[in-house]
Amino acid sequence: MHVVEYLLDLSGIGRNRMQLRWVSSAEGQLFADYVTQFSDLTRELGPFDLDQFKLPLAAVEQTLTSPRIRWLMGMSRQLTERENVYHEKLNEEEYTRLLHQAIEEEYEKALVLEAIKESPQLVREISGRIGLPKPRVSFWLSHLKNSGQAEIKGYDETTPKFVALAA
C-alpha cells in the first residue's frame, strides 16, 4: 500500500483517491461507515478527470509492474532484517529512501515511455506534456533507446523525434 500511495502522490492523483480496509463479513455497519467516509472524502476532492490523468495512471501501472520495484518490495525483509553476502543490512529509513528513489526513477521512465507511445515527439514536446525538465527527458529517452524500447522516428529539421517501440 505504501508504494501505491507514494506513486499516487507522485503522479498528482493523490493518495486520498484510494483506500484499502479489511472488514469481516460480520462487520456490516463498519463497512457502511467506511463507505460513507470514503464517499464524503471523494465528494470533497471533486470529480476525477480521467483524460487529464491518462498518462500518469498508465505510468503508475507500469511502475508497479516494473521488475526493479517488484524485486525491491519482495526483498524488503532480506535487505532490512537479514544480511547480504557482505554482512551488511539496511535500516528501515535507508530502505525506504532507496525504494522511493527507485519508484521516482521508474515512474519518470514510464511517463516518458507512455508519452511517446502515441506519436513521434520532440524532447521539448514531451517535456511540456509531462512536466519533466528537458535534460531529464533526454536522459530517459537515451535509456529507452539503448534498451530497445524507443527509437528515433524522423526529425524536425535537425532535432530527432522519438517513438516507443512495440513491446
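Is the crossing of α1 and α6 left-handed or right-handed? In this predicted model, the crossing of α1 and α6 is right-handed, and the residues on either side of that crossing can be described in some detail.

Helix α1 spans residues 2-10, and its buried residues are V3, Y6, L7 and L8. These buried residues pack against three other helices, namely α3 (54-64), α4 (67-74) and α6 (92-115). With respect to α6, the axis of α1 comes within 11 Å and crosses at roughly 50°, which means that α1 is oblique to α6. On the α1 side, the contact involves H2, V3, Y6, L7 and L10, which meet T96, L99, H100, I103, E104 and Y107 of α6. By residue class, this contact of α1 with α6 divides into seven nonpolar, three polar and one charged. An α-helix has 3.6 residues a turn, so residues three or four places apart point the same way. Just after α1, the backbone at G12 takes a positive phi of about 90°.

A second helix, α4, also packs against α6, at an angle of about 165° and with the two axes 10 Å apart. Because angles over 145 degrees count as roughly antiparallel, α4 and α6 are roughly antiparallel to each other. The crossing of α4 and α6 is left-handed. The contact is made by R68, I69, L72 and M73 of α4, together with Y95, L98, L99, A102, I103, E105 and E106 of α6. The residues of the contact of α4 with α6 divide into eight nonpolar, no polar and three charged. L99 and I103 of α6 are thus named in the contact with α1 and also in the contact with α4.

Within helix α6, E105 has a relative accessibility of 19% and counts as buried, since the cut-off for a buried residue is under 20% relative accessible area. When residues up to four places away in sequence are not counted, E105 touches R68, R136 and W140. Of these, R68 belongs to the α4 side of the contact between α4 and α6, in which E105 itself takes part.

Positive phi values also occur in residues other than glycine. Most residues other than glycine have a negative phi. In the loop between α5 (76-81) and α6, H87 nevertheless has a positive phi of about 65° although it is not a glycine. H87 is exposed, with a relative accessible area of 61%. In the loop between β1 (150-156) and β2, E157 likewise has a positive phi, near 60°, and at 76% relative accessibility E157 counts as exposed.

Beyond this loop, A166 is placed in the segment after β2 (159-164), where A166 is exposed with a relative accessible area of 77%. Although A166 and G148 are 18 residues apart along the chain, their C-alpha atoms are separated by 9.6 Å.

At the level of the whole chain, the assignment gives domain 1 (2-45) and domain 2 (118-167), and the C-alpha centres of domain 1 and domain 2 lie 36 Å apart.

Terms used:
Residues numbered from 1 in each chain as written. Predicted model: local features only at pLDDT ≥ 70, side-chain atom pairs only at ≥ 80, totals over all residues. Heavy atoms only, no water. Domains from an automatic or database assignment. Buried < 20%, exposed > 50% of the residue type's maximum accessible area, 1.4 Å probe, protein only. Helix = DSSP H or I, 4+ residues; strand = E, 2+ residues; numbered from the N terminus. Contact = heavy atoms within 4.5 Å. Axes fitted to C-alpha atoms, helices over the stretch in contact; angles between N-to-C directions. Parallel < 35°, antiparallel > 145°, perpendicular 65-115°, else oblique. Left-handed = near helix turned anticlockwise from the far one by under 90°. Nonpolar A, V, L, I, M, F, W, Y, C, P; charged D, E, K, R; others polar.
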